[in-house]
Amino acid sequence: MTLLYSFRRCPYAMRARMALHYSGVPVSIVEVSLKAKPAGLLAASPKGTVPVLVCSDGRVIEQSLDIMHWALDQHDPDHWRQGVSGPLIEENDTRFKASLDRYKYANRYPEYPMEHYRAMGETFLQRLEDVLEQTPYLAGPNLSLADVALAPFVRQFAHVDRDWFEQAPYPRLRAWLERFLASELFTSIMTKSGTPNLLERACLAAFPGSKAREASSLLQGAPVSQSLARTMLCSTPSRRIQPWNSAAARCSSTVKNNRYAK
């Protein structure tokens, strides 16, 4: 089974998940806790950043755009790679991402106020607005690799100050983002996992509070995960297993997402 190490709110991981979902490639997604990275992730990719794809043949792909291209190589029914996407993706992943980081975490870059970094990012927003004045999507009349690769980053930029973005002079970009965030492609990959798997159940039973999540994250993806989980469940006193029912109920509750929900 192909395995994707991911983090739900990471824009790089989002675009990788969307490409995999679109291509129909069967994949098991491991949600990574950044405070307790799984041993399997670090073994596959010592840098420890997400996303990381571990293919069924053992190949490891560590860059989100490479994961997207790999997925499209498997199946690309709507021809996402038609049209010119490269220059927009390149600017998004370099200059715009740098501006986004400074805008979002302006307190880490006290040399300038937040508005300065926002203005830097607006140069790219205006470029996208100009493109969308000519065509409904970024590389032509249909959804493309460019749209899927860029939307998570534009979403994140919009989320920094929603009130500002709502009145910013980018109506076409705003409509494009609204349409994208409402799409099945995006909503399907942002759904939180509702039911704890066997390993998560074992960790909930064996560890108190937040330690359960850390333990589960550390063990996810390890070859021994399932057998280890069964051992943990069998060896855990029944008085510790009982609370799992209420924990599972909490885990399965649905979180209502707004347009820019994290």
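In this report, a helix is a DSSP run of type H or I with at least four residues, and helices are numbered from the N terminus. With that in hand, we can take a friendly walk through the structure, which is a predicted model.

**The whole protein**

Let's begin with the overall picture. The protein has 262 residues, and 45% of them are buried. Its secondary structure consists of 14 helices and 4 strands. Look next at contacts between residues with a separation of 6 or more: 72% of these join residues that are 24 or more positions apart.

**Three buried residues**

Now let's zoom in on single residues. Glu91 sits in helix H4. Is Glu91 buried or exposed? Its relative accessibility is 11%, and because buried means under 20%, Glu91 counts as buried. Leaving aside residues up to four places away in sequence, Glu91 touches Phe96, Phe124 and Arg127.

Ser6 belongs to strand E1. With a relative accessible area of 0%, Ser6 is buried. Which residues does Ser6 touch, not counting those up to four places away in sequence? They are Ala13, Arg17, Ile29, Val30, Glu31, Val32 and Val50. One of these contacts, Ile29, is 23 residues from Ser6 along the chain, yet the C-alpha atoms of Ser6 and Ile29 are separated by 6.7 Å.

Leu177 is part of helix H8, which covers residues 171-181. Leu177 is also buried, and its relative accessible area is 0%. Its partner in the table below is Ala151, 26 residues apart from Leu177 along the chain.

Here are the two C-alpha pairs side by side:

| Residue pair | Distance along the chain | C-alpha separation |
|---|---|---|
| Ser6 and Ile29 | 23 residues | 6.7 Å |
| Leu177 and Ala151 | 26 residues | 6.8 Å |

**Helix H3 and its neighbours**

Let's move from single residues to a helix. The buried residues of H3 are Ser64, Ile67, Met68, Trp70, Ala71 and Leu72. What do they pack against? Their neighbours are strand E1 (2-6), H1, strand E3 (52-54), strand E4 (60-61) and H6.

The meeting with H6 can be described further. Helix H3 spans residues 64-74 and helix H6 spans residues 145-160; their axes come within 12 Å and cross at roughly 145°. The crossing of H3 past H6 is right-handed. On the H3 side the residues are Met68, His69 and Leu72, and they meet Leu145, Val148 and Ala149 of H6. Sorted by type, the residues of this contact are 5 nonpolar, 1 polar and no charged.

**A pocket lined by several helices**

H6 also appears in the lining of a pocket. How much space lies in the second largest pocket? The answer is about 530 Å³. The second largest pocket is lined by 20 residues, and the closest to its centre are Phe7, Arg9, Lys104, Tyr105 and Gln156.

Where do the lining residues come from? Helix H1 (11-23), helix H4 (86-104) and H6 each give at least two residues to the lining of the second largest pocket. H6 gives the largest share, with 4 residues. By type, this lining divides into 9 nonpolar, 4 polar and 7 charged residues.

**Putting it together**

H6 is a good helix to look for in the structure. H6 meets H3 through Leu145, Val148 and Ala149, and H6 supplies the largest share of the lining of the second largest pocket. H4, the helix that holds Glu91, supplies at least two residues of that lining.

Note on methods. Residues numbered from 1 in each chain as written. Predicted model: local features only at pLDDT ≥ 70, side-chain atom pairs only at ≥ 80, totals over all residues. Heavy atoms only, no water. Axes fitted to C-alpha atoms, helices over the stretch in contact; angles between N-to-C directions. Left-handed = near helix turned anticlockwise from the far one by under 90°. Contact = heavy atoms within 4.5 Å. Nonpolar A, V, L, I, M, F, W, Y, C, P; charged D, E, K, R; others polar. 1 Å grid on protein atoms, 1.4 Å probe; cavity = no way out; pocket = protein on both sides within 12 Å on 5 of 7 lines; lining within 4 Å. Points joined across faces, edges and corners; volume = space filled by probe spheres on them. Buried < 20%, exposed > 50% of the residue type's maximum accessible area, 1.4 Å probe, protein only.
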